Amino acid sequence: MLEESGVPVLGMLVSVVLILGAAYWFTRYAAGRGLFGPARPGARMKIHDQLVLGRDQRLALVQVGGRWFLLGAASGSVSLVAELTAEEAAAWQEGPKDPEGGGAEKPGFREAFLQAIQQKRRR
C-alpha cells in the first residue's frame, strides 16, 4: 500500500521537499547576486523623508543618484512636485529653524502624541 507503480511514496515526498529546498536556495542566491534586479533594494534610490497629507496621500523626498525629487503620491499615481538642489534637500532634512533661538528641539509627532495621551489620562 505504500508503493504506487513501484515508487515509494516516502521517496516521492523526499524528492518534493528537496526540489522545494533547491528552488528556495536558488531564489535567495539569485536575489543576492542581483540576477533579478538590483543587488540591494534601494541601493540607487533612497526615500529620505515622508509627510503624510491624508488618506493614501503623501509627499516624499527621494534621492536618485545625485538628484533630489519631491514627489507627491496618491493611491494609484505618483507625480513630480519639484526637483530640488542638494542644498534645498539638505535644508528640507534639517527641518525648520527655531525662531526663538532657544536651541531646544521641538518634540516629534510620536513624543507629542505620547505626551497628549499621558495628559489626557491624568484628567
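How much accessible surface does the protein have, and what share of that surface belongs to carbon and sulfur atoms? I looked this up before turning to the fold, working throughout on a predicted model. The accessible surface comes to about 10,700 Å², and carbon and sulfur atoms hold 60% of it.

**Entry: overall composition**

I next listed the secondary structure and found 3 helices and 6 strands. Along the sequence they follow the pattern β-β-α-β-β-β-β-α-α. I then checked burial: of the 123 residues, 10% count as buried. For contacts between residues at least 6 apart in sequence, I noted that 7% join residues at least 24 apart.

**Entry: the sheet**

I traced an open sheet of 4 strands, in the order 3-4-5-6, with antiparallel pairing. Strand 3 (45-54) and strand 6 (77-84) are the edge strands, each pairing on one side only. From one strand to the next, the twist averages 25°. I recall that strands of a sheet pair through backbone hydrogen bonds, either parallel or antiparallel.

**Entry: strand 3 with strand 4**

I counted the bridges here: 8 of them join strand 3 to strand 4 (residues 57-64), and the two strands run antiparallel. Within this pairing I located D49, whose bridge partner in strand 4 is L61, and L51, which stands opposite L59. The hairpin of these strands leaves 2 residues between them. At D56 of that hairpin I read a positive phi near 60°.

**Entry: strand 4 with strand 5**

Strand 4 and strand 5 (67-74) pair in the antiparallel sense over 8 bridges. Here I found Q63 standing opposite W68 in strand 5. These strands also form a hairpin, with 2 residues between them. In its turn, G65 has a positive phi of about 65°.

**Entry: strand 5 with strand 6**

How many bridges pair strand 5 and strand 6? I found 7, in the antiparallel sense. L71 has L80 as its bridge partner in strand 6. The hairpin of strand 5 and strand 6 again has 2 residues between the strands, and G76 takes a positive phi near 90° there.

**Entry: the nonpolar core**

Which residues make up the largest nonpolar core? I listed 6 residues in all: L59, L61, W68, L70, L84 and A89. Strand 4 and strand 5 each supply at least two residues of this core. In soluble globular proteins, nonpolar side chains tend to be buried together.

Several core members had already appeared in my pairing entries. L61 is the bridge partner of D49, L59 faces L51 across the strand pair, and W68 stands opposite Q63.

**Entry: surroundings of L59**

I closed with the contacts of L59, setting aside residues up to four places away in sequence. L59 touches D49, Q50, L51 and L53, and also L70, L71, G72 and V81. Among these neighbours, L70 belongs to the largest nonpolar core together with L59, and L71 is the residue bridged to L80.

How values were computed. Residues are numbered from 1 along each chain as its sequence is written. This is a predicted model: local features need pLDDT of at least 70, side-chain atom pairs count only at pLDDT 80 or more; totals for chains, interfaces and linings use all residues. Side-chain values use heavy atoms; hydrogens and water are left out. Two strands pair if DSSP finds at least two bridges between them. Axes are lines fitted to C-alpha atoms, for helices over the stretch in contact, and angles run from 0 to 180 degrees between N-to-C directions. Buried means under 20% relative accessible area, exposed over 50%, partly exposed in between (1.4 Å probe, protein chains only). Contact means heavy atoms within 4.5 Å. Accessible areas come from the Shrake-Rupley method with a 1.4 Å probe; for residues, only the protein chains shown count as cover. A nonpolar core is a set of buried Ala, Val, Leu, Ile, Met, Phe, Trp, Tyr and Cys residues joined through side-chain atoms within 4.5 Å.
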